Amino acid sequence: MKEGDKLQERPVIFKRKITATCFLFFLLGLLFFLDSEFNKVEAASYSPYDVNMNGVNSATQGNRAASFTSGKKLVYDVYDGKDGKESWKVVNRDYGKGKQPYLEFSGWSAIVGYTHHTKDNQDTYFYLTNNKNEKRVYKAEQLSSVSASKDIEYNRKSETGSINNPCSSSAHNKNNDECNMYYNAVGFKAHIPLNDLFGEGIDDDNWTVQIVKRVENHYIYDDLRVPFEFNLNYSNGVLQLSSGLDAKNLKMGYEGVARRDFARQGGYSGGRYFTKGDTYTAKSTNQESTVVWYGVKTPEEQNKTKWAASLYWIFGGERATLRYNVTTVNVNIVHKDKDTGKILKSEKTKGTVGKTYSYAPESKGTFKDENGADYVPVSKAKSGKIGKSDLNITFEYQVPSQKITVVHKDKDTGKILRTDSTSQKVGTSYSKKPENRGVFKGENDRPYVPISKAVSGKVPEKGVTITFEYRLSVPAPNTGGEIEGSKDGDAALKGEVSWSLYKKNNGDKSYLRYVNDLSVKGKHYATKNINKKITTALINKTQSTDEKLLIENQEPNKMKNKDIEYTLTYEYTNFYKDVYAPKEFLGDDVFVWEKIGTKADWSKSKKTDKTITLKAEHSYGGKLEFSRDGMTEKGFITGEYGFIDGSISKDKEYFASNTSNKIRELQTQAWMSFLKEGFYPQYSVTLKQREQDPNMKVSHSLVHGKVTAFYYPNDLDGNLKEKFANQTEDKLTKYAIPLTIIGKQPNEKANPFIFRSAEDFYITKNTGFVDSIKDNENASKKIKEDYEKYTSQSYNDTILSKNHGLSADQIKQNGGGYYLPIDSESNLKTDKEYTDWIVVQNMGLNDLKLMIPQTYKFKHYLIGAAGDDPIFNEQSETPVAIGADKYPNTVTINNEQRQKILKKDILKRDDLLYGFKAIDIKSISSLLKNEGLNP
């Protein structure tokens, strides 16, 4: 809210006249900065002597308290050099009367409310009167760039630009709440010619000063009052302007003037106003804009400083008086070099008689010697009262000597190695250089190396401190240590060594394989000279890495029960040294080393020499004979593993029987299975088990070499003896039936395997002829050929059974079998134990010979005399009931008939089969018929 908006705060009785005035009381202190032309002369034609005396003499007196409509409200401010305004000063100028001194000061003036102020309708004059009633009038220079329009504007709407509600161009004597006047070009700069006022020989003269303002042809004057005073040295005296002792007492000339917290503060004042008619003491001024604001001591607010514009203040004191007091003498001052007497400067000045004087020597540096060094005063200031005689004063100076301090310092630690000190006159030249390498030494006599260069110059005024820096030449650090978690000896090793039997394929012979898989597990910093070996009586292999070393294809029998030596040797260190490179250096001297890595410290090396010896304890090429009457189980080593801790683990293959192999008791000479019912040879293995029981047998496919298997029977039918004559190296019996191996799939614990004859055994229906036939042969055709070849008789028979009538599944269970011979010439006897053999070559990784005995005996002959207690005999009844389908070729005879047949020697023939059976049943039948026997 603007000042003019607060009319409701005033009593109504003030009415319009008071209201217009109150606008000024609440005028906002808006900044309106002066143009840079403020202090420039308005026009080259200006002269302080260009005065219209008729107009000046016609002036009527006005004052600050007059109303806006009176035409006599003369308001002005004179600046005292604050806030960017020019100070009072004496300047020599030429305004048509020759160059002479002028007293210059600036300010602004206006007849407020009278009419618009323009560049062309106004002047400002100063009217001076001395104690002799002499009068002088001087015109002030107009400063056209200075405007007070916005400062005085009522109800201001903006900080700059056109004023609000301007009056008409012809308006006069208007309150500003009715309309606002322009107050342009109201700035002035006074030029008072001092020679006119205080001429030669004039002493202690004074002039009172009035201000005269012209606007159009309207002249108003008032006493010049200033709330300050100034003193200026001039000629042989002092100029002084003052309004007396009461100059700083400002009287409030209006009601409703707000007490502002700072100059040009806007907005509502909160109802705080200065008291009209009260006198306040000026504390400060603000001259930032055209109209000066005064800060006064305010009793209404505990003597705080509050502010109002000069428009509303009536200045205390009297009409300003300009005085000049002259009482001077010549003062001669000499400045000289104390040491040489050289005059550095001579000066003359004036002193006022009776006045106190005080002179001080020139400050340091005012004078310089030939080297440019500053002279320093050695004389003190001099003071006193000026008498009637000239005053002569001498000040002495010297160029001082200053200390040159040389500090030798360790750059890295700051340690002071030595300090040197000399004195030398300021400005003289000096030259210093660092000490040579090795002059200073550190720990262990390590040399300090200078890294600073020589220094030269001139001694400065405050002396000089020169610091030469050195760095300690240090050898490369010898640091390092042991790696964390390092291992020594066996703890640093891992792996295993082994020998093992292996086959490239089933059907091949086994070979030995040696593996040295020892390696470095431990945390070493570095290793070298690794040597890994496998040494046997037959071979030696070495390599220079700890990768797996392997030897294969070795003959098992050549190494049986011989040692294999596995070795791993190497050199190692668990220590390291840090590797450094020069980081900061000078020439060959290094100051800072930078760690760039590490390397092995072989000075703390150790050696590991690990040897593990295993013995090839295999049973390659050996044999295993199964028990004749019990269960069999035997393991054969197929490999060994040696470990770092000295323990040994063995792989084994096992051959076993699942049940007892006791003797088989047969009723008669009949079918003989190769294997006892329920008896199966088995194959199982134990492998190196680290997590499990090392003795646990595990399933494994049957492993074998080139298998040869034979069944060795004690006796065979006559027609088979030649065919199966024993041609093998095992002369267990005279006969050998070739077998093939039938392996079964592995089960949980063991792999059963059985053997089957390479040929099937057949028996004919009528003659009981036994023959063996291969799978790919025509059985009927082959039997006929073999029968006729063996008996030289025509074959007229059929096949009774194949493999005793056993099914294919039954054959798989026992491998088949053969018929025990019933030849009367056979050596097989009842109730006598006989042993047939199954012999298998190259079984398992050990290529073993397996010998499986088949022990048996039979109670009865199949066919024979009654005295032999056979199954079948010539009696009318047989001991054993048997169906005709099982033995169809039977004839029942009584004893009488038997005796008759024996007497006739019917059966005494050379072509009997089995030594007792006729080859041709029909021929026998015809013989019996001839004897009266009817079969």
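**Exercise 1. Which residue in β54 is the bridge partner of Ile-763?**

Before we start, two notes on the ground rules. This is a predicted model, numbered from 1 along each chain as its sequence is written, in which local features need pLDDT of at least 70, side-chain atom pairs count only at pLDDT 80 or more, and totals for chains, interfaces and linings use all residues. Side-chain values use heavy atoms, with hydrogens and water left out.

*Solution.*
- Step 1: find the strands. Helices (H or I, at least four residues) and strands (E, at least two) are DSSP runs, numbered from the N terminus. Strand β52 covers residues 760–764.
- Step 2: check the pairing. Two strands pair if DSSP finds at least two bridges between them. β52 and β54 pair in the antiparallel sense, over three bridges.
- Step 3: read off the partner. In β54, Ser-801 is the bridge partner of Ile-763.

**Exercise 2. Place that pair in its sheet, then find the helix that lies across the strands.**

*Solution.*
- Step 1: the order is β53-β52-β54, an open sheet of three strands with antiparallel pairing.
- Step 2: β53 (770–773) and β54 (799–802) are the edge strands, each pairing on one side only.
- Step 3: from one strand to the next, the twist averages 30°.
- Step 4: helix α6 (residues 779–791) lies across β52, β53 and β54 and runs at about 130° to β53. For such values, axes are lines fitted to C-alpha atoms, for helices over the stretch in contact (heavy atoms within 4.5 Å). Angles run from 0 to 180 degrees between N-to-C directions.

**Exercise 3. Describe the open sheet that contains β40.**

*Solution.*
- Step 1: three strands form this sheet in the order β31-β40-β41, with antiparallel pairing.
- Step 2: the edges are β31 (480–482) and β41 (589–600), each pairing on one side only.
- Step 3: neighbouring strands are turned by 20° against each other on average, direction ignored.
- Step 4: strand β40 (residues 575–586) is joined to β41 by 10 bridges. Glu-584 stands opposite Val-592 in β41.

**Exercise 4. How many residues lie between β11 and β12 in their hairpin?**

*Solution.*
- Step 1: β11 (residues 230–234) and β12 (residues 237–242) run antiparallel and are joined by five bridges.
- Step 2: Phe-230 has Leu-241 as its bridge partner in β12.
- Step 3: the hairpin has two residues between its strands, and Ser-235 in the turn has a positive phi of about 50°.
- Step 4: look across to another strand. Tyr-324 is found in strand β18 (residues 321–326), and its C-alpha atom is separated by 9.4 Å from that of Asn-231, 93 residues apart along the chain. Tyr-324 has a relative accessible area of 3%, so it is buried. The cut-offs are under 20% for buried, over 50% for exposed and partly exposed in between (1.4 Å probe, protein chains only).

**Exercise 5. Characterise the disulfide and the loop that holds it.**

*Solution.*
- Step 1: count. The structure holds one disulfide, a term for a pair of cysteine sulfur atoms within 2.5 Å.
- Step 2: geometry. Cys-167 and Cys-179 form it, with sulfur atoms 1.8 Å apart. The link of Cys-167 and Cys-179 is right-handed, with 95° about the S-S bond.
- Step 3: location. Both Cys-167 and Cys-179 lie in the loop between α3 (149–152) and β8 (187–193), so the pair ties together parts that are 12 residues apart in sequence. Cys-167 and Cys-179 are buried.
- Step 4: backbone in this loop. Asn-165 lies in the loop between α3 and β8 and has a positive phi of about 50° although it is not a glycine. Asn-173, found in the loop between α3 and β8, also has a positive phi of about 50°. Most residues other than glycine have a negative phi.
- Step 5: exposure. Asn-165 is partly exposed at 41% relative accessible area, and Asn-173 is partly exposed at 29%.

**Exercise 6. Where in the chain is confidence lowest, and where is it highest?**

*Solution.*
- Step 1: pLDDT is the predictor's confidence in each residue, from 0 to 100. The chain has a mean of 86, and 87% of its residues reach 70 or more.
- Step 2: confidence is lowest in helix α1 (residues 15–25), at a mean of 33, and highest in strand β28 (residues 448–450), at 97.
- Step 3: pLDDT stays under 50 over residues 1–43 and over residues 874–880. Where pLDDT is low, the predicted coordinates should not be read in detail.
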